[in-house]
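Trainee: Could you take a close look at one part of this protein with me? I would like to follow the charged side chains and see what they pair with.

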Amino acid sequence: MGFEPYIHFQGNCEEAMRFYAELFGTESPFIMRYGDMPEASEGMSEAGKARIMHALIKLGDGALMASDWPEGRDRPQSSVSISHVSDSREDAKAIFERLMDGAEEVMMPFDDTFWADGFGMLRDRFGTAWMINGPSKM
């Protein structure tokens with residue numbers, strides 16, 4: 001038993017999860033849309049039905065899960081970061097650099113720290129905050 005992050009998007013969940021699956025070298029995400037729910041046909045717009053109700057990618061022994069907020073709700077991610085630890089500094093830096101493409105903000109450029117061989121923090125183009133670590137020095 002453990003914790004697995006569940007993040008929310010504003011209509012770009014599918015694009016983000018497909019990018020993350022490719023970035024981390026895992027299978028394409030499992031995706032369910034709001035329109036897949038039996039009761040979805042009642043009162044939901046076609047755009048609302050196309051939004052992602054649940055998406056999942058497997059990452060090693062864990063998973064990253066996500067969804068689009070339902071139409072009309074305006075609460076994207078704001079105070080959660082996804083932390084990833086790579087087996088090598090080179091892998092960590094490569095992941096950080098890919099996430100930097102179109103990033104909203106780099107909070108801490110990738111560099112060595114006292115606790116890891118490389119660390120950086122950013123908010124990517126999808127609004128997800130990441131903490132990318134190289135191997136621990138501890």
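Is arginine 98 buried, partly exposed or exposed, and what is its relative accessible area?

Mentor: Happy to walk through it with you, keeping in mind that this is a predicted model. Arginine 98 is partly exposed, because its relative accessible area is 35%. Its partner is glutamate 22: the two form a salt bridge in which the closest N and O atoms are 2.6 Å apart. This pair connects distant parts of the chain, since arginine 98 sits in helix α3 (residues 89-100) and glutamate 22 in helix α1 (residues 13-23), 76 residues apart. Glutamate 22 also counts as partly exposed, at 48% relative accessibility.

As background, side chains of opposite charge can pair when their charged atoms come close.

Helix α3 has another salt bridge to show you, this time between arginine 89 and aspartate 112, at 2.9 Å from N to O. Aspartate 112 belongs to the loop between β6 and β7 while arginine 89 is in helix α3, so this pair ties together parts that are 23 residues apart in sequence. Both partners are partly exposed: aspartate 112 has a relative accessible area of 41%, and arginine 89 is at 25%.

While we are in that loop between β6 and β7, have a look at threonine 113, which lies there too. Threonine 113 is buried, because its relative accessible area is 9%, and buried means under 20%. Its side chain reaches the backbone nitrogen of tryptophan 115 at 3.2 Å. Aspartate 117 lies in the loop between β6 (105-111) and β7 (119-123) as well, and it counts as partly exposed at 30% relative accessibility. Together with Asp87, Glu90 and Asp91, Asp117 forms a patch of negative charge on the surface.

Moving along the chain, arginine 125 forms a salt bridge with aspartate 101, with the closest N and O atoms 3.9 Å apart. Here the loop between β7 and β8 (129-133), which holds arginine 125, is linked to the loop between α3 and β6, which holds aspartate 101, 24 residues away. Arginine 125 is partly exposed at 32% relative accessibility, whereas aspartate 101 counts as exposed at 53%. Salt bridges with shared partners also join Glu14, Arg18 and Arg33 into one network.

To put these pairs in context, the structure holds seven salt bridges. The protein chain has three helices and eight strands, and buried residues make up 36% of its 138 residues.

Terms used:
Residues numbered from 1 in each chain as written. Predicted model: local features only at pLDDT ≥ 70, side-chain atom pairs only at ≥ 80, totals over all residues. Heavy atoms only, no water. Patch = residues over 30% accessible without salt bridge, like charges linked within 9 Å, V, L, I, M, F, W, Y side chains within 5 Å. Areas by Shrake-Rupley, 256 points an atom, 1.4 Å probe, with all protein chains shown as cover. Salt bridge = Lys/Arg side-chain N within 4 Å of Asp/Glu carboxyl O. Lys, Arg positive; Asp, Glu negative; His and termini not counted. Charge placed at Lys NZ, Arg CZ, Asp CG, Glu CD. Helix = DSSP H or I, 4+ residues; strand = E, 2+ residues; numbered from the N terminus. Buried < 20%, exposed > 50% of the residue type's maximum accessible area, 1.4 Å probe, protein only. Polar contact = N/O pair within 3.5 Å; in protein donor to acceptor, adjacent residues only side chain to side chain.
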